[in-house]
Amino acid sequence: MGAMNEEIENLFGRIKKARHCVALTGAGVSTLSGIRDFRGKNGLYNDLDAEKIFDIDYFEEDPSFYYRAARSFIYDLDEKEPSVVHLVLAALEQRGLLKALITQNIDLLHQKGGSQRVIEVHGSPKVHYCLRCAGVRMGFDEAAAIVHSGALPRCPRCNRVLKPAITFFGESLPADALRDASDEAQNADLMLVLGTSLTVNPAASIPNYTLRNGGEVIIVNNMPTYLDSRAVQHFDDLGDVFEGLWDLLVDSE
Ligand SMILES: [Zn+2]
């Protein structure tokens, strides 16, 4: 454990020294909270119907399928707790050591963990909207209560079932979030890449903005990524690293 602790102290030192530290998080961060990784070994995409859940054409045909299928991993947020990773990232932001958090996740656990500046590059269920009526919006809590009652959130004007602002297959990624993410990555002198294998865009390209501008990248992921050789530090186990960081944060108070 000694060498490991030294590496984590080294990591904490880099975070404290950084001018503009940004984190990029993927599904691996949420699996610690019991949310299934979409593409991992026990991933959602291994189920036969899983791709249909986030397919825009299928949603327009039968929106009830999404709400049935997504209920447990999106709308049961009360039953899920932020992991040590979510909590440490929120604590780092609070101390001014983390400037922004870019996430591929759509489970709202960073927000539940207390993070303020969360850039959701795959969209978010915090807003539900009508595909037909401009300006109709419903927040997550209201939509979740309706889903839990067994009904579907509907547009008050046209009665159509509302869609979460998650980016579905067949839709374009949210332009504002993408712009914010690339701005933050370019401005970062340190980027923490956490729980993502960097196999899909936009996540795959985001750390490159940091590297191109002379910033450093640190990777914590249980599978290899194409940027491992360019990382100044690399760890496999998110839980170990963030429990170590938690202890260092507590000690430094
Ligand atoms: Zn409507």
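A residue is called buried here when its relative accessible area is under 20%, exposed when over 50%, and partly exposed in between. Keep that in mind for the views below, which all come from a predicted model.

**View 1. Helix α6 is mostly covered.** Helix α6 takes in residues 84–94, and nine of its 11 residues are buried. Those buried residues are Val84, Val85, His86, Val88, Leu89, Ala90, Ala91, Leu92 and Glu93. Look just past the helix for glycine 96: it follows α6 and has a positive phi, near 80 degrees.

**View 2. Threonine 25 sits in strand β1 and is in contact with Leu89, among others.** The strand covers residues 21–25. Is threonine 25 buried or exposed? Its relative accessible area is 0%, so threonine 25 is buried. Setting aside neighbours within four places in sequence, threonine 25 is in contact with Leu89, Leu101, Ile102, Thr103, Gln104, Asn105, His110 and Leu194. Leu89 should ring a bell, since Leu89 is one of the buried residues of α6. If you want a long-range pair to find, try threonine 25 and proline 224: they are 199 residues apart in sequence and 15 Å apart in space, going from C-alpha to C-alpha.

**View 3. Four cysteines hold a zinc ion.** The sulfur (SG) atoms of Cys130, Cys133, Cys155 and Cys158 coordinate the zinc ion at 2.3 Å. Why is the arrangement called tetrahedral? Because the four donor atoms subtend angles of 103 to 113 degrees around the zinc ion. For four tetrahedral donors, the ideal angle at a metal is 109.5 degrees. Along the chain, the donor residues follow the spacing C-x2-C-x21-C-x2-C. Cysteine 130 is in the loop between β4 (123–129) and β5 (137–139), while cysteine 158 is in the loop between α8 (140–148) and β6 (163–166), so this pair ties together parts that lie 28 residues apart in sequence.

**View 4. How covered are the zinc-binding cysteines?** Cysteine 155 has a relative accessible area of 3%, so cysteine 155 is buried. Cysteine 130, at 5% relative accessibility, counts as buried too. What about cysteine 158, at 24% relative accessibility? Cysteine 158 counts as partly exposed, because that label starts where buried (under 20%) stops. And how many disulfides are there? The count is zero, where a disulfide would take a pair of cysteine sulfur atoms within 2.5 Å.

**View 5. Three strands make an open sheet.** Read across the sheet, the order is β5-β4-β6, and the pairing is antiparallel. Strands β5 and β6 stand at the edges with a single partner strand each, so one side of each has no neighbour in the sheet. On average, neighbouring strands here are turned by 40 degrees against each other, direction ignored. Four bridges join β4 to the antiparallel β6. To spot where the strands face each other, find serine 124, which stands opposite alanine 165 in β6.

**View 6. Two helices pack on the sheet.** Helix α5 (residues 63–75) touches β4 and β6, and its direction makes about 50 degrees with that of β6. Helix α8 touches β4 and β5, and its direction makes about 80 degrees with that of β5.

**View 7. Threonine 210 lies in helix α10.** The helix runs over residues 206–212. At 0% relative accessibility, threonine 210 counts as buried. Not counting residues up to four places away in sequence, threonine 210 touches Ala185, Ala188, Met191, Gly215, Glu216 and Val217.

Note on methods. Residues numbered from 1 in each chain as written. Predicted model: local features only at pLDDT ≥ 70, side-chain atom pairs only at ≥ 80, totals over all residues. Heavy atoms only, no water. Donors = N, O, S within 2.8 Å, 3.2 Å for Na, K, Ca; no water. Tetrahedral: all angles 85-135°; square planar, octahedral: opposite > 155°, others 65-115°. Buried < 20%, exposed > 50% of the residue type's maximum accessible area, 1.4 Å probe, protein only. Pairing = 2+ DSSP bridges. Axes fitted to C-alpha atoms, helices over the stretch in contact; angles between N-to-C directions. Contact = heavy atoms within 4.5 Å.
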